[in-house]
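The exercises below are meant to be worked through with the sequence and the model side by side. Try each task before reading its solution.

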Amino acid sequence: MRALILVMVGFLFACSPAAPPPTTNSSAPNAEAMQAAALAMQAKVAALPGPFNGADYEAGRRAFGQCRSCHAIEPDAPSRGTGPNLFGIVGRKIGSEADFEYSQAAASANFDWDGAKLDQWLTSPQAFLPGNRMSFVGVRNEKQRRDLIAYLMVASAETEE
Ligand code: HEC
């Protein structure tokens, strides 16, 4: 399985153009360009540490639909009143977005978010951190949590160039 993934990643990297695409024909996004972008994101997922390297980026992106009503994830977006911005969440200290008013429970907790912590949080926010203010029951499906966390790891680390 690992060998297969490595081969796939190698293949994806070998196929991605080294130079930016030519400026001609760059107006409307076409299906081919969108597919190439999706493949590039999936290659980043494959380079994550296990078990997240086995995740499905596209499925994770869709699963994030459950979170969007409360959370932005774009780098420049302000936190919504409903939830803190999640850009850069992996590696960030819990409760540390300056423009969001956290619960006492989140503000006084002291750890950095990583894959394992996110997995516990998303399984059941209330069981993981009693007294927090995220009104969300949790994601019961293990595969969906893995896809979602891999999406957070990749999407929330994307920088604008
Ligand atoms: C109903 C609104 C709502 C939904 C839906 C929601 N969240 Fe949250 N989330 C919050 C709030 C509010 C907080 C802050 C909790 C606190 O202060 O106790 C939070 C906190 C978080 C944190 C910790 C942020 C930090 O800065 O430490 C993560 C990670 C997170 N949410 C991920 C998710 C993901 C992933 C989903 C979708 C599966 C999701 N949330 C769905 C409202 C929501």
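**Exercise 1.** Locate D99 in this predicted model, decide whether D99 is buried, partly exposed or exposed, and find how far D99 lies from N85 in sequence and in space.

*Solution.* Begin with the place in the chain, where D99 is found in the loop between α3 and α4. Next take the relative accessible area of D99, which is 45%; because buried means under 20% and exposed means over 50%, D99 counts as partly exposed. Finally, compare the two kinds of separation: D99 and N85 are 14 residues apart in sequence, and their C-alpha atoms are 8.9 Å apart in space.

**Exercise 2.** Describe the overall make-up of the protein: how many helices and strands does it have, and what share of its residues is buried?

*Solution.* Counting the elements gives seven helices and zero strands, so that reading from the N terminus on, the order is α-α-α-α-α-α-α. Turning to accessibility, buried residues make up 37% of the 161 residues in the protein.

**Exercise 3.** Find which residues coordinate the iron atom of the ligand, and work out the geometry of the site.

*Solution.* The first step is to identify the protein donors, which are NE2 of H71 and SD of M134, at 2.0 to 2.1 Å from the iron atom. The second step is to place these residues along the chain: H71 is in the loop between α3 and α4 (104–108), whereas M134 is in the loop between α6 (125–128) and α7, so that the pair, 63 residues apart, links distant parts of the chain. Both H71 and M134 are buried. The third step concerns the angles, which run from 86 to 179° among six donor atoms, and the site is octahedral. For comparison, the ideal angles for six octahedral donors are 90 or 180 degrees.

**Exercise 4.** Characterise the second largest pocket by its volume, its lining and the classes of its lining residues.

*Solution.* The volume of the second largest pocket is about 550 Å³. Its lining consists of 31 residues, and those that lie nearest its centre are H71, P84, L86, W121 and M134; two of these names, H71 and M134, also appear as ligands of the iron atom. The elements that give two or more residues to this lining are α5 and α7, and the largest share, three residues, comes from α5. Sorting the lining by class gives 18 nonpolar, 10 polar and three charged residues.

**Exercise 5.** Examine the salt bridges of R61, R92 and R145: what is the partner of R61, of R92 and of R145, and how accessible is each arginine?

*Solution.* The total to keep in mind is five salt bridges, and three of them are treated here in turn.

- R61 meets E58, with N and O 2.6 Å apart. The two residues are three apart in helix α3 (residues 57–63), which means that about one helical turn separates them. R61 is partly exposed at 39% relative accessible area, and E58 is partly exposed at 29%.
- R92 is joined to E97, the closest N and O atoms being 3.5 Å apart. R92 is buried at 11%, while E97 is partly exposed at 21%.
- R145 is joined to D119, with the closest N and O atoms 2.8 Å apart. This pair links distant parts of the chain, since R145 is in helix α7 (residues 142–155) and D119 is in helix α5 (residues 115–123), 26 residues apart. R145 is buried at 8%, and D119 is partly exposed at 24%.

**Exercise 6.** Look at two further places: what is the form of the peptide bond from G50 to P51, cis or trans, and how far is T123 from R140?

*Solution.* The bond from G50 to P51 is cis, with omega near 0°, and P51 itself is in the loop between α2 (31–46) and α3. As background, most peptide bonds are trans. For the second part, T123 is in helix α5 and is partly exposed, with a relative accessible area of 23%. T123 and R140 are 17 residues apart along the chain, and their C-alpha atoms are separated by 5.8 Å.

Note on methods:
Residues are numbered from 1 along each chain as its sequence is written. This is a predicted model: local features need pLDDT of at least 70, side-chain atom pairs count only at pLDDT 80 or more; totals for chains, interfaces and linings use all residues. Side-chain values use heavy atoms; hydrogens and water are left out. A salt bridge is a side-chain nitrogen of Lys or Arg within 4 Å of a carboxyl oxygen of Asp or Glu. Helices (H or I, at least four residues) and strands (E, at least two) are DSSP runs, numbered from the N terminus. Buried means under 20% relative accessible area, exposed over 50%, partly exposed in between (1.4 Å probe, protein chains only). On a 1 Å grid over the protein atoms alone, a cavity is a set of points where a 1.4 Å probe fits but cannot get out, and a pocket is an open set with protein on both sides within 12 Å along at least five of seven lines; lining residues have an atom within 4 Å of a point. Grid points are joined across faces, edges and corners, and a volume is the space filled by probe spheres set on the points. Ala, Val, Leu, Ile, Met, Phe, Trp, Tyr, Cys and Pro count as nonpolar, Asp, Glu, Lys and Arg as charged, and the others, Gly among them, as polar. Donors are N, O and S atoms within 2.8 Å of the metal (3.2 Å for Na, K and Ca); water is not among the atoms, so sites may look incomplete. Four donors count as tetrahedral if all angles lie between 85 and 135 degrees; four count as square planar and six as octahedral if opposite donors are over 155 degrees apart and all others between 65 and 115; anything else is irregular.
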